[in-house]
Amino acid sequence: MTPANGRLKVLLSLILALLLTVLPVPEPLDSFRPDWVLLVLGYWCMALPNRVSIGYAWITGLAVDLLLGAPLGIHSLALSIIVYIIVMNYRLIRNISLWQQALIVGFLTMLNKLIIFWAERLLFDISITPMYLWSILTTMLIWPWIFLILRKIRRQFAIR
Amino acid sequence: MKPIFATSTSLQLRLFFAVIASFSLIIVDSKFDSFANVRIYLNTAVSPLIYAADIPSEMLKGVSNNVVNRRDLRKQVKAQRDKLFIQQVQLLELKHLKEENKRLRALLNSPVHSDQRKLVAEIITVNSDPYSLQVVINKGALDGLYIGQPVLNEQGVVGQIVDVSATYSRVLLISDVTHGIPVRVQRNDIRAIANGSGELNSLNLPYMPHSTDVQVGDILVTSGLGGVFPEGYPVATVTEFSYQIGQPYAQVEAKPIVALERIRYVLLIWDGEDNSSDNETETNKGGTL
């Protein structure tokens with residue numbers, strides 16, 4: 001398979017993640033929305049650290065900012081740092097069990113949210129609500145499924 | 001395969017550049033107004049995703065429109081027709097009052113109000129930044145929308161445009177933390193500023209002396225002082241006025257008149273200056289009829 005073809009699959013999965021990020025859901029479910037972009041981007045960075053890394057994270061973050069109407073650069077900053085941590089430790093993350101990976105993903109989601117909160121706090125006088133942190137749990141619970149689905153895609157199309 | 005050391009240094013370098021780029025983007029985006037033009041293009045680039053995300057709720061809307069039965073529709077049409085009739089009669093009165101008002105204002109040498117260009121837009125239901133209160137509407141720069149444009153609905157003030165793309169725009173709601181709107185109390189013309197609280201249904205009025213004549217239930221309307229919102233549109237009703245001894249100011253809270261969590265259609269208005277000729281023709285038409 002040519003590298004260009006693999007790139008298309010990665011981009012498509014990222015676009016799907018972006019779509020799920022802005023998809024409207026009923027109000028009570030909104031704070032349980034998993035961090036789809038972090039899940040998908042995290043998987044590709046762990047699986048293909050030489051191809052998908054900070055460049056992808058920065059551009060995806062910019063798209064998230066534009067889609068959510070957040071101040072530009074905030075999600076780019078957070079995702080770049082998260083992806084840096086993943087790419088630096090990809091060997092470790094690959095070799096632990098799925099549930100341990102989920103714990104790490106939960107930790108990274110929390111870090112992501114804290115960086116975003118801190119950056120917005122610099123600009124505006126905002127406060128955090130505990131409801132905002134529920135999505136860390138759902139992101140952790142969904143990680144194994146995302147991992148298995150994306151691994152199947154990666155193996156089927158032999159993306160390396 | 002490159003040696004590990006080389007990749008990790010380049011990775012750190014890339015992170016360094018990414019962080020620098022993010023910070024400069026944050027600063028440029030929030031401090032320089034001229035960057036708004038760049039944002040229009042960037043927003044337009046991601047607009048297919050916004051419209052794609054709206055498809056499921058549009059489909060649901062279509063389904064619920066199809067399952068209404070004949071009797072309900074008939075009832076609805078009758079109610080609408082009655083309402084329209086009453087409003088047409090009120091409109092006749094309004095036309096008369098408008099003319100009278102214009103003449104009186106001319107007598108007083110006050111600036112004459114002119115009709116403004118108006119446009120109806122629909123809300124696109126998409127998720128947005130959890131730290132700010134905003135909605136997306138389906139009209140953009142192609143329809144002539146601009147940043148800072150007032151957004152209303154049939155009940156009162158909704159907010160103002162903060163971000164435009166070619167085909168959609170973002171409206172900052174009046175209850176967002178970063179939003180403030182100059183108001184006056186309808187009963188006695190006391191001026192104030194209504195700041196958003198970050199909660200959808202509450203506004204704060206800071207710096208109100210405790211001796212101010214503001215009561216619970218007072219209606220706040222736009223004062224037109226900021227230059228963004230036209231004068232006289234209802235904004236909120238006062239829900240709390242309390243004063244603690246030792247505090248320099250009273251604590252005044254208000255609730256927006258528009259049910260901000262349930263808006264579906266909004267009205268955009270333009271400054272009436274360049275439409276004065278349209279207005280003339282309209283009144284002429286009214287005169288000949």
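No salt bridges were counted between chain B and chain A (0 in total) in this predicted model. Polar contacts, by contrast, are present across the interface of the two chains, where 14 residue pairs satisfy the rule, both partners having a pLDDT of 80 or more. On the side of chain B that touches chain A, the elements contributing two or more residues are helix 1 (4-31) and helix 2 (36-66) of chain B. Of the elements of chain B, helix 1 gives the most to this side, with 15 residues.

The contact as a whole draws on 39 residues from chain B and 44 residues from chain A. Within chain B, the residues that lose the most area to chain A are B:Leu49, B:Asn127 and B:Tyr131, which together account for 22% of what that side buries. Between them, chain B and chain A bury about 3400 Å², and 72% of this area lies on carbon and sulfur atoms.

Chain B comprises 289 residues, of which 34% are buried. Its secondary structure consists of 4 helices and 12 strands. Among contacts in chain B with a separation of 6 or more, 59% join residues that are 24 or more positions apart. The accessible surface of chain B amounts to about 17600 Å², with 58% belonging to carbon and sulfur atoms.

One loop residue of chain B was examined individually. B:Ser165 is located in the loop between strand 4 (157-164) and strand 5 (169-173) of chain B. B:Ser165 is classed as buried because its relative accessibility is 0%, and the cut-off for burial is under 20%. A polar atom of the B:Ser165 side chain lies 3.2 Å from the backbone nitrogen of B:Thr167. When neighbours within four places in sequence are set aside, B:Ser165 is in contact with B:Ile40, B:Asn43, B:Thr44, B:Gly140 and B:Ala141.

In chain A, a nonpolar patch on the surface is formed by A:Val25, A:Leu29, A:Phe32, A:Trp99, A:Met131, A:Trp134, A:Leu137 and A:Leu141, with a combined accessible area of about 790 Å². Helix 8 (residues 134-156) of chain A gives the most to the patch, supplying 3 residues. One of the patch members, A:Val25, is situated in the loop between helix 1 (3-22) and helix 2 (27-30) of chain A. With a relative accessible area of 34%, A:Val25 is partly exposed; this value therefore meets the requirement of over 30% for patch residues.

Conventions
Residues numbered from 1 in each chain as written. Chains lettered and ligands numbered in written order. Predicted model: local features only at pLDDT ≥ 70, side-chain atom pairs only at ≥ 80, totals over all residues. Heavy atoms only, no water. Patch = residues over 30% accessible without salt bridge, like charges linked within 9 Å, V, L, I, M, F, W, Y side chains within 5 Å. Areas by Shrake-Rupley, 256 points an atom, 1.4 Å probe, with all protein chains shown as cover. Salt bridge = Lys/Arg side-chain N within 4 Å of Asp/Glu carboxyl O. Buried < 20%, exposed > 50% of the residue type's maximum accessible area, 1.4 Å probe, protein only. Polar contact = N/O pair within 3.5 Å; in protein donor to acceptor, adjacent residues only side chain to side chain. Contact = heavy atoms within 4.5 Å. Buried area = accessible area lost by both parts, 1.4 Å probe.
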